[in-house]
Amino acid sequence: MERLELTAAPGDSGRLDAWLAGQCPTLSRSALQNLIEQGLVTCGGAPVNKKDKVAPGKVYAIDLPDPQPIEARPQNIPLDIVYEDDDLLVVNKPKGMVVHPAPGNPDGTLVNALLYHCAGQLSGIGGAIRPGIVHRIDKDTSGLLVVAKNDAAHQALSAQMSVHSIHRVYHAVVYGNLKEDEGFVEKWLGRDPRDRKKMAVLAENAAGAKYAYTGWQVLERCGNFTYIACKLKTGRTHQIRVHMASTGHPLAGDAVYGPKNCIKSLNGQCLHAKELGFAHPRTGEWMQFDSPLPPYFTELLTRLRKEHRA
């Protein structure tokens, strides 16, 4: 068990759980509250309460339990398989499905379903938790993913990712009316220094900043919303969501980067990985796939069109 000791500085104030979260960027406030409830956060040897106020000069100790290993196991979960051969498969991931197991999502993921469907025949480069996973999309983003069945296919596909030769187009609905019919966002991205669970636009020379490029094109204007296509040159975490929010046009339904009164009925951002193209890792043949817009997306567009015409 690892122990962290934090000393409250003069002038520190507020609720203890909030203060601790600010001091420990790798731990969420809810995770810290759980540790407090388990009696693993103490001051002077006595357990604290999450509603306690920070006491300047006091030393707070956090005992972190050893991480429990996460083991991905096969689960018979239906998959929407667009294409499959001996080297790879292309799947259409539904909204709400996590790609691989992680704390808080130990099962029910795409990897669990793949392990069952492929009887364990997946590349091992991603490790035991991410077998076959060449690239990821967010839990609440729907659409196309390519999965490698062997290490040679995984390496070849990853090489295409690294030189940005894989064709990826996402469709999205954003707030507001974009002034131009097309454009691009070219900004460096990295972990938000104020909230480690979020990504943010950073200065080019900032620690952990990575170059990111998103091209966008207007497909349809619907009053206070715009339906767009985004073509990726890079594939950073939350790239489209952060880039579009940085322009003042966050994605509809995005509770993290959009307005607080987001469209909750969408259950997450309106973002769909629609087109995916790459050279087959064994034959070199160019393969391209297109996924139809899912119901949550088309239903939003239908509603926006009606409101716009009204």
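**A tour from helix α4 outward**

Begin at H164, the residue with a positive phi, near 60°, that follows α4; helices here are DSSP runs of H or I of at least four residues, strands are runs of E of at least two, and both are numbered from the N terminus. What you have open is a predicted model, in which local features need pLDDT of at least 70 and side-chain atom pairs count only at pLDDT 80 or more, while totals for chains, interfaces and linings use all residues. Residues are numbered from 1 along each chain as its sequence is written, and side-chain values use heavy atoms, with hydrogens and water left out.

Now select α4 itself, residues 151-162. Its buried residues are A153, H154, L157, Q160 and M161, where buried means under 20% relative accessible area and exposed over 50%, with a 1.4 Å probe and protein chains only. These buried residues lie on the same side of α4, because they cover an arc of only 125° around the axis, the arc being that of the directions from the helix axis to the C-beta atoms. Turn to the other side of α4 and you will find A152, Q155 and S162 exposed. Among the elements that cover the buried residues are β7, β8 and β14, contact meaning heavy atoms within 4.5 Å.

Next, select L114, W216, I228, I240 and M244, the residues with the most contacts inside the largest nonpolar core, which has 30 residues; such a core is a set of buried Ala, Val, Leu, Ile, Met, Phe, Trp, Tyr and Cys residues joined through side-chain atoms within 4.5 Å. Helix α3 gives the most to this core, with four residues. Around L114, look for L79, L89, V91, A119, L122, I133 and V147, which L114 touches when residues up to four places away in sequence are not counted. A second, separate core of 18 residues includes L6, A8, C43 and L64.

Move on to the open sheet, whose four antiparallel strands stand in the order β1-β4-β2-β3, two strands being paired if DSSP finds at least two bridges between them. The strands β1 (2-7) and β3 (46-47) are at the edges with a single partner strand each, so one side of each has no neighbour in the sheet. Six bridges join β1 to β4, residues 59-64, and L4 stands opposite I62 in β4.

Finally, select β10 (188-192) and β11 (195-202), an antiparallel pair with five bridges, joined by a hairpin through two residues; in this pair, G190 has A200 of β11 as its bridge partner.

Note on methods:
Expected span 1.5 Å × (residues − 1).
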